[in-house]
Amino acid sequence: MSVIGSLIPKAKFGFRVAHQIYPIDTVIFTALVLKIYDAVEAGRDDPGSGRAFSYRKSLGLNHDLFAPGHTYRDWLRTLQDRIFQIDFSHVIRTDISDFYSRVSRHRLENILESLSGETRAARTIEKLIADWWPHQSFGLPVGSNAARLLAEAALNDTDMALIAEGLEHTRYVDDIVVFVRNDQDPYATLAFLAKHLSDNEGLSLNIQKTKILEWDEFLMSIHEPAAEDEHSKVEFATEKLFWAAYGHDDLNEDALSELAMKDLSKELEELLAEQFWDMGRIRIVLHAMRLVKNDDIGKYIRSKLRDLVPFAKDVCLLIEEFTKSGIAGFDEMSGEITELLLSPRMRPLDSARAWFLELGVRKIVTFDASQVRSLDNLTGTLDIRQLHLIRWRLNDQNYFRARKARVSEIQAWAQPSFIFGARCLPRDEYSHWIRGIKSRLQFPLGKEFADWCLASYGTDPLAG
């Protein structure tokens, strides 16, 4: 099966492509990676060192794929722990430019084979990815846990090179921090890392995000201000959201009180006006707005929907949170969202459209029949799938009844959503149709999927 690529904003004027792999391919891909990854994990740097910090796999087929204590929040805490080490003069903070899209798959295959000893599995993983991108020899799919594990393997030699050079570092995926001792030259250290990545991995550092900080600068960048420093305390309130945004924890009442002191709308306005966006900080402010919840924020976000398209997921989650909490500001907005979805700004952004359509799937926004007909002008695969589910929500029996005899003409990616959506038909009609088509379905595990749709008829598997 093919892979759906969706353009995702990653900077004010920059984009990356995220990938959705067909479900059965995801299962096969993940199974292959898990088959060999315990051996790969054993060949990585000791997790207790805190150097190769991210996505440490739990041994065996644990339902918790990743070992605890290795979230982004935990990594930030390890950086704070470094303030007690005084033998460093500088800190280098950098990341790798377009890391996922530039990973050499042949190089990765060699690393996997070397660490695991599983030549056949390593080659099969490379061939599977090559089937998704037959015209290029580099890049990993963005978004799956299997790909995250492969990304860690791809950077294993970089970890080992830094260790062999006597450089103290810590890394969360491609976000690298190198601690430079008093007897080391920070510029030479940075040059070593850049040369290793270029010569051995075909990768390069992100120039805009590379900084050499003096030790005192590093301390100021991570150290929480004293309680008596009221101004700094308020400024630091948003930074605390790192713990919530990356660790999925709720802030305590004191932190929420500090957060409420901030003019979050003004802060977001200022961030959006900057020449280069700090995408992480903008998302953190949007997350803060979700936690604070007030009518003014709802009105502000609604007035800025067009400007906030690059943050569609964060905005849609905020709208859902406010609506479910009974906060005013987002009632009767199906017309605005329809207009936005059909606007030129949204045309290249499949994933952003999918999130705004998801508001209809989750029953946060109710599109009427005329709006759904207008949205039929959206012809992307993700659009079609979401519109099938929205029509199911609307109990649009005529739509499914008129097309059910031609289900084989629907593209394989969208057939499951059509079959699921057709559950709005009367049970007898639906059962008869399912029994007639399930042997002719074109997508993998089609028969099993059809049986599940029939067995779960009358329930709402999407609720929750």
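Leaving aside neighbours within four places in sequence, which residues is I301 in contact with? The list runs L268, L286, M289, L308, V315, L318 and F330. I301 also turns up among the residues with the most contacts inside the largest nonpolar core. Bear in mind that this is a predicted model, with an average pLDDT of 87 over the protein. Here's a quick tour, starting with how far to trust the coordinates.

**Confidence**

- On the whole, 90% of the residues score a pLDDT of at least 70.
- Helix α7 (residues 156-164) comes out highest, at a mean of 97, while helix α11 (residues 241-247) is lowest, at 47.
- Residues 224-236 stay under 50 in pLDDT, and the model gives that stretch 13 contacts beyond four places in sequence.
- Residues 242-249 are also below 50, with 21 contacts in the model beyond near neighbours in sequence.
- Where pLDDT is low, predicted coordinates shouldn't be read in detail, so go easy on any analysis there.

**Nonpolar cores**

- The largest core has 72 residues, and its best-connected members are L268, M289, I301, F356 and I419.
- Two of those, L268 and M289, are also on the contact list of I301.
- There's a second, separate core of 60 residues, which includes L32, L76, F99 and A153.
- Burying nonpolar side chains together is a general tendency in soluble globular proteins.

**Helix α13**

- L268 belongs to helix α13 (residues 264-273), where the buried set is L264, S265, E267, L268, L271 and L272.
- Those residues sit on the same side of α13, because they cover an arc of only 160° around the axis.

**Helix α4**

- Helix α4 (residues 105-116) passes a simple length check: at 1.5 Å a residue, its 12 residues should span 16 Å, and the end C-alpha atoms are indeed 16 Å apart.
- Its buried residues are R105, L108, E109, I111, L112 and S116.
- They too share one side of their helix, since their arc around the axis is only 165°.
- H106 and S114 are exposed on the other side of α4.
- The buried residues of α4 pack against four helices, namely α1 (23-43), α5 (119-132), α6 (145-154) and α7.
- Just after α4 comes G117, with a positive phi of about 75°.

**The loop between α1 and α2**

- A52 is found in this loop and counts as buried, because its relative accessible area is 1%.
- Not counting residues up to four places away in sequence, A52 touches R44, D45, D159 and R171.
- A52 and T170 are 118 residues apart in sequence, yet their C-alpha atoms are 6.1 Å apart in space.
- Y55, in the same loop between α1 and α2, has a phi near 50°, a positive value in a residue other than glycine.
- T71 is in that loop as well, and α2 covers residues 72-81.
- With a relative accessible area of 31%, T71 is partly exposed.
- Beyond its neighbours within four places in sequence, T71 is in contact with F53 and Y172.
- For a contrast in distance, the C-alpha atoms of T71 and L389 are separated by 34 Å, with their positions 318 residues apart along the chain.

**Two other loops**

- N206 has its place in the loop between α8 (186-201) and β6 (211-214).
- N206 is buried, with a relative accessible area of 17%, which falls under the 20% cut-off.
- Its contacts, leaving out residues up to four places away in sequence, are T94, D95, I96 and S97.
- K293 lies in the loop between α14 (279-292) and α15 (295-303).
- K293 has a positive phi near 55° despite being a residue other than glycine, and it's partly exposed at a relative accessible area of 26%.

**Cysteines**

- If you're setting up a topology, the structure holds 0 disulfides.
- C453 is in no disulfide, and the nearest cysteine sulfur, that of C424, is 12 Å away.
- C453 is buried, at 0% relative accessibility.
- C316 counts as buried too, at 2% relative accessibility.

Definitions and conventions. Residues are numbered from 1 along each chain as its sequence is written. This is a predicted model: local features need pLDDT of at least 70, side-chain atom pairs count only at pLDDT 80 or more; totals for chains, interfaces and linings use all residues. Side-chain values use heavy atoms; hydrogens and water are left out. pLDDT is the predictor's confidence in each residue, from 0 to 100. Contact means heavy atoms within 4.5 Å. A nonpolar core is a set of buried Ala, Val, Leu, Ile, Met, Phe, Trp, Tyr and Cys residues joined through side-chain atoms within 4.5 Å. Buried means under 20% relative accessible area, exposed over 50%, partly exposed in between (1.4 Å probe, protein chains only). The arc is that of the directions from the helix axis to the C-beta atoms. A disulfide is a pair of cysteine sulfur atoms within 2.5 Å. The expected span of a helix is 1.5 Å times one less than its number of residues.
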